[in-house]
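Me: I am in my first year and still learning to read protein models, and I would like a close look at a single part of this one. Please take me through the aromatic rings and their surroundings, step by step.

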Amino acid sequence: MAPSPSVVALPWYHRDDYPALLKLFSDPHLLPATYDAWLERAEGIERQFQKVGFGVAKIWIRPVPFLAWCKDRDVSPDQRARLTFSNETVGDLATRH
């Protein structure tokens, strides 16, 4: 059996949630001001990972569940939390299969 390719978890956002998420995040300055600019950048990152052989899991970050997750862990809703949330979620998905 061939090994499965490594999977990278990427935080992903819905267009309608993006303005609320920027208000929620403690570091909105790290993200583009518009959804379209964010999507262009995110799709470029996705292509870069795929080009070098990684699988990409888009992990949807929604305002209410993400804020609850941050509060449960007493962490700031910042880049580190977004990446940790994404990595935990992709790990949870992998254990279910």
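Reply: To follow the rings, we first need a rule: rings of Phe, Tyr and Trp, the last taken by its six-membered ring, form a pair if their centres lie within 6.5 Å, and a pair is called stacked when the planes are under 30 degrees apart, edge-to-face when they are over 60, and tilted otherwise. Counted in this way, the model, which is a predicted one, holds twelve aromatic pairs. One of them joins Tyr13 and Tyr18, whose ring centres are 6.0 Å apart and whose planes meet at 55 degrees, so this pair is tilted. Both partners are hidden from the surroundings, where a residue is called buried if its relative accessible area is under 20%: Tyr13 has a relative accessibility of 2% and therefore counts as buried, and Tyr18, at 2%, counts as buried too.

A second pair is formed by Phe25 and Phe66, with ring centres 5.9 Å apart and planes at 90 degrees, so here the arrangement is edge-to-face. This pair links distant parts of the chain, since Phe25 lies in the loop between helix H1 (18–24) and helix H2 (35–51), while Phe66 belongs to helix H3 (residues 63–73), and the two are 41 residues apart. Phe25 is buried because its relative accessibility is 3%, and Phe66 is likewise buried, with a relative accessible area of 0%. The ring of Phe25 has a further neighbour, for the charged end of Arg82 sits over it, 4.2 Å from its centre.

If we now step back from single pairs, the ring pairs link Trp12, Tyr13, Tyr18, Phe25, Tyr35, Trp38, Phe66, Trp69 and Phe85 into a cluster. Two members of this cluster, Phe66 and Trp69, bring us to H3, where they are found together with Cys70 as the buried residues of that helix. Seen down the axis of H3, these buried residues fall within an arc of 95 degrees, so they line one face of the helix. Such an arrangement can be understood from the geometry of the α-helix, which has 3.6 residues a turn, so that residues three or four places apart point the same way. The face of H3 turned away from the buried side carries exposed residues, namely Val64, Lys71 and Asp72. Just after H3 comes Asp74, which has a positive phi, near 55 degrees.

The loop that holds Phe25, between H1 and H2, also contains Pro28, and at 33% relative accessibility Pro28 counts as partly exposed. Although Pro28 and Gln79 are 51 residues apart in sequence, their C-alpha atoms are 9.0 Å apart in space.

It also helps to place these parts in the whole chain, which has four helices and two strands and follows the pattern β-α-α-β-α-α when read along the sequence. Of its 97 residues, 35% are buried.

Finally, a careful reader will ask how confident the predictor is. The mean pLDDT of the chain is 91, and 89% of its residues reach 70 or more. Among the elements of the chain, H1 has the highest mean pLDDT, 98, whereas helix H4 (residues 79–96) has the lowest, 83.

Methods
Residues are numbered from 1 along each chain as its sequence is written. This is a predicted model: local features need pLDDT of at least 70, side-chain atom pairs count only at pLDDT 80 or more; totals for chains, interfaces and linings use all residues. Side-chain values use heavy atoms; hydrogens and water are left out. Buried means under 20% relative accessible area, exposed over 50%, partly exposed in between (1.4 Å probe, protein chains only). A charge sits over a ring if NZ of Lys or CZ of Arg is within 6 Å of the ring centre and within 35 degrees of the ring normal. pLDDT is the predictor's confidence in each residue, from 0 to 100. The arc is that of the directions from the helix axis to the C-beta atoms.
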